[in-house]
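Visitor: I keep meeting words like "exposed" and "salt bridge". Could you show me how such words are earned?

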Amino acid sequence: AVVSTQSTGARAARANEKVIKGELPTMENWKGEERIRKESYERRKAYMDEQERLKKEYVIQEAKAARQRMEEQERNRRAANNRERLSSLEHELEHHHIKPSFAEIPQESADLQKRQQDAA
C-alpha cells in the first residue's frame with residue numbers, strides 16, 4: 001500500500017492552483033452551488049409531496065363519488081322493484097275483483113276506525 005506523504009498544505013496549494021486555472025470552483029462558488037442544489041431539492045420535494053397529496057385527495061373523491069353512484073343505483077333498483085310489486089298487486093286486485101275487507105285490517109286499526117266513527 002502506498003502511503004501519502006503529501007502534506008495538507010501541499011494539497012491545499014494544488015487545489016488553489018486548480019481554482020486559479022478554473023478547474024475547481026472557489027469555496028464561495030461551491031457554497032453557492034450547494035445552496036442552489038439544496039433549494040432545488042427542497043422545491044422538488046415540496047412539489048412531489050403536493051402531487052402525492054392531490055393524488056390521494058382525488059382517489060378519495062373518486063371513491064366517494066363511486067359509492068354515491070352505487071347507492072343511487074340501489075335506491076333506483078329498490079324503487080323500481082316496489083313499483084313493480086305495487087303494480088302487480090293492483091293488477092291482482094283488479095283481476096280478481098278483490099276488495100279489502102275489515103277482517104284483513106289489524107285489530108288495532110279496526111278499533112281506531114270504530115272510535116273515530118263513534119266520535120263523528
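Guide: Here are some questions and answers about the structure shown above. This is a predicted model, so local features need pLDDT of at least 70 and side-chain atom pairs count only at pLDDT 80 or more, while totals for chains, interfaces and linings use all residues. Residues are numbered from 1 along each chain as its sequence is written, and side-chain values use heavy atoms, with hydrogens and water left out.

Visitor: What makes the pattern of the protein chain α-α-α?

Guide: The protein chain has three helices and zero strands. Helices are DSSP runs of H or I with at least four residues, strands are runs of E with at least two, and numbering goes from the N terminus.

Visitor: How do you know that the reach of helix α1 is close to what is expected?

Guide: The expected span is 1.5 Å times one less than the number of residues. Helix α1, residues 8–21, has 14 residues and reaches 20 Å from its first C-alpha to its last, close to the expected 20 Å. Glycine 22 follows α1, with a positive phi near 90°.

Visitor: Why is lysine 18 called partly exposed?

Guide: Buried means under 20% relative accessible area, exposed means over 50%, and partly exposed is in between (1.4 Å probe, protein chains only). Lysine 18, in helix α1, has 38%, so it is partly exposed.

Visitor: And why is arginine 78 called exposed?

Guide: Because its relative accessibility is 51%, and the exposed class begins over 50%. Glutamate 74, at 27%, is partly exposed.

Visitor: What makes the contact of glutamate 74 and arginine 78 a salt bridge?

Guide: A salt bridge needs a side-chain nitrogen of Lys or Arg within 4 Å of a carboxyl oxygen of Asp or Glu. Here the N to O distance is 3.0 Å, and the side chains meet in a salt bridge. Both residues lie in helix α2, four residues apart, about one turn of the helix. An α-helix has 3.6 residues a turn, so residues three or four places apart point the same way.

Visitor: Which residues are joined into one network by salt bridges that share partners?

Guide: Those are Glu50, Arg53 and Glu57. The structure holds nine salt bridges.

Visitor: How do you know that glutamate 72 and arginine 75 form a salt bridge?

Guide: Their closest N and O atoms are 2.6 Å apart, which is within the 4 Å limit. Glutamate 72 and arginine 75 are three residues apart in helix α2. Glutamate 72 is partly exposed at 35%, and arginine 75 is partly exposed at 48%.
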